[in-house]
Amino acid sequence: MLVSQDYVLIVDDQLSTVTAIEACLKGVCRVVSTTSPFNALRLIQQYAPALIILDVEMPQLNGFELFEKLLASQHDFSSKVIFITSHCDAVVEKRALSLGAIDFIHKPINHELCKLRITNHLQSIKRQSALSAAHDRLVQEKNRLTVTLESIADAVITTDEGLQISYMNASAQRLTGWQLQQAAGEHIDTVMRLSDISAGTTAPSPLTAALEQKRTVLSDLNIQLNNRYGDAYQVEYSASPVLTGDGVIAGGVVVFRDVTDAVRMASQMTHITNHDPLTGLPNRVLFHERICQAMTNAGYTDSLVAVLIIDIDNFKTVNELLGHAVGDSIINHVARHIESAISSKYTLSHIGGDEFALLIDNVANISRVNVLAANILKTKESPFILNGEKHHLSLSIGISVFPTDAGCPEDLMRNADAAMYKVKTQGKNNFGYYSERLLDELKDRVEMEKLLRQSLHSDNLVLHYQPKVELKTGRITGAEVLVRLQDKRGNLIFPDRFISIAEETSLIIKLGQQVLRKACTYAAECMQLQRPLKIAVNIDAQHFTQADFPNFVAGILKETGLPPAYLELEVTETALMNDVNAARCAIEKLSEIGVSIALDDFGTGYSSLSYLRTFDLDVLKIDRSFLKDATDNAQARHIIKAIVSLAEMLGLALVCEGIETERQLGLILDLGCCEGQGYLFSQPASKSNFDMLFCDGFAHLCQSCEAS
């Protein structure tokens, strides 16, 4: 029962006594009174008085009996009781005190003493109530703090001034492997065993320094907690002294947390930031940092730094034919190959696409770079195997050296890249060093790519037409379409300067599409002028083996209105052999449309006769290199004669390229070739010039043919 500090209950069967005590307490507290002990039970229940003044001698139910009844009926009875008695009997007082009474008031009532006694007891009750309330609040706060400490993820350990453990929360018990009951009184170094990860040595408790220096001590990096079960956690902590108001050390507290996962995650994020996700190699950002470090160190050691740019030859074609998944596998295969060929102290980076960069620092002699580059080029000796089939790869490597070639990482990378492109233009599968001339060539290449893109974007390609001639009569039988670019000054740029760029940048397909559309448009115009002309258009391997290429050709013919019989597509042996199945499928579909297929530069590629039977071809074109030597070289003449015989047996039309002299014309006629083209008849001509030739019937050339 919670008591009210405002009420005092007077219980006495004599009204005069009740009245006297009420007079004493006037203005001191609230008073409730009764002359009936039975009515007192109800009043106590109703008011819960802080103090009950109870007469010992009452009829029916005396004060002791009433007190005993109250104690028996209310287990939480907490009101204080003062007995009123007219006796000074020790037996009576002993019984009252044994029941729990706190004082006596003797009759007759002394007004002053009665007031002092009751007032003092009321004040004592109030003080005791206040202390009890404060204690309850402290207990609640302690419980709240305990719950908080037990709930937080951080581990907390407190000690006395001698570093003996006094408290550990649940997280601290979990991390150390010690229960509080076991750890209490133990020195903190026994329970919290720390070590330095980097040095591999034991680390002292941070509380030792915190108490000695009377300040908070934060954790060093790479601190590990080793618990009693052999588990280890990387932790960070703060340790502080607990000081009294006058600055005396009363103990210490250390707060720590497990950062093992956080450190591991940070390490992983750092690795992801600085490494390529496909190969796991350092990326361009980390590679740049390593170059900067290597250049700085080279300044102190008077050594060289070499950067190698390594590119997989023909990767774009392989990637498109076999798919990107296979392409990724090839990149990984090459990465592992290069790693096996170099020392682990060098930095190999995958800088994007099919390109790698290799940093070789502390180079004393450039010959070491030569040896490493040669070892890397041996990738052909470890072919890439897919589905049981071997794919032989080759690499092109460009090398730039600091400080002879460049003074900063960017220039070093750019120069190595220029050297790599030069290797590609010279046949690939090799390595080469940077020179000043290469930088000029690289700049020209960049400008050429820019011009090519602009020309394609504005559909501003220039087409020239070189006539095909019936050799005996000089009659024009068709024309081969040749593409040119035109710069801002109006100068024409020939294909040997931009076709390789178009292939490397995948612009070759768009280039082929625009050339084919323009050529078919011109041939259709000739048809409308009653001057039918069969045109031959060179098609790159990337374009020819695309699955939708036959449909594209059919669409162009429909768009321009050109009959399929007046279109001939020229492909090289390389284009056919890169993907035999795709090439065969394309030729079959194009033949169904009615387009003829010519094999260009016959004899300079794979020189395999089996594919002549495999592919349904219509025309063979003898490469100019054979005719160039044929007038003075019997072997070259025999080769041409064999090609003529082969074409006759297979029912293929034959065209000889590169006829430049009348002697060559006579020779090729003698060998049985009926159709050709070359500078003897006409150089490739612009549309307007070709129109003039075509309209004149090429009569001025016929005289040369008849004379032969």
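Trainee: What radius of gyration does the protein chain have, next to a compact globule of 708 residues?

Mentor: Keep in mind that this is a predicted model. A compact globule of 708 residues would come out near 27 Å. The protein chain doesn't match that figure: its radius of gyration is 53 Å.

Trainee: And what does the C-alpha trace span along its principal axes?

Mentor: Recall that the radius of gyration is 53 Å, against near 27 Å for the globule. The spans along the principal axes go with that, at about 170 × 65 × 50 Å.

Trainee: How many helices and strands are there, and what share of the residues is buried?

Mentor: The protein chain has 28 helices and 29 strands. For burial, the cut-off is under 20% relative accessible area. Of the 708 residues, the share that counts as buried is 45%.

Trainee: What part of the accessible surface belongs to carbon and sulfur atoms?

Mentor: The accessible surface of the protein chain adds up to about 35,300 Å². Carbon and sulfur atoms hold 51%.

Trainee: How far apart are the mean positions of the positive and negative charges?

Mentor: There are 63 positive and 85 negative charges in the protein chain. Take the mean position of each set, and the two lie apart by 3 Å.

Trainee: Let's zoom in on E6 and E7. Which residue in their hairpin takes a positive phi?

Mentor: E6 (residues 155–160) and E7 (residues 165–168) run antiparallel, joined by three bridges. Thr159 stands opposite Ile165 in E7. Four residues sit between the strands, and the one in this hairpin with a positive phi, near 65°, is Leu163.

How values were computed
Residues are numbered from 1 along each chain as its sequence is written. This is a predicted model: local features need pLDDT of at least 70, side-chain atom pairs count only at pLDDT 80 or more; totals for chains, interfaces and linings use all residues. Side-chain values use heavy atoms; hydrogens and water are left out. Helices (H or I, at least four residues) and strands (E, at least two) are DSSP runs, numbered from the N terminus. The radius of gyration is taken over C-alpha atoms; the globule rule is 2.2 Å times the number of residues to the power 0.38. Buried means under 20% relative accessible area, exposed over 50%, partly exposed in between (1.4 Å probe, protein chains only). Accessible areas come from the Shrake-Rupley method with a 1.4 Å probe; for residues, only the protein chains shown count as cover. Lys and Arg count as positive and Asp and Glu as negative; His and the chain ends are not counted. The place of a charge is taken as NZ of Lys, CZ of Arg, CG of Asp or CD of Glu. Two strands pair if DSSP finds at least two bridges between them.
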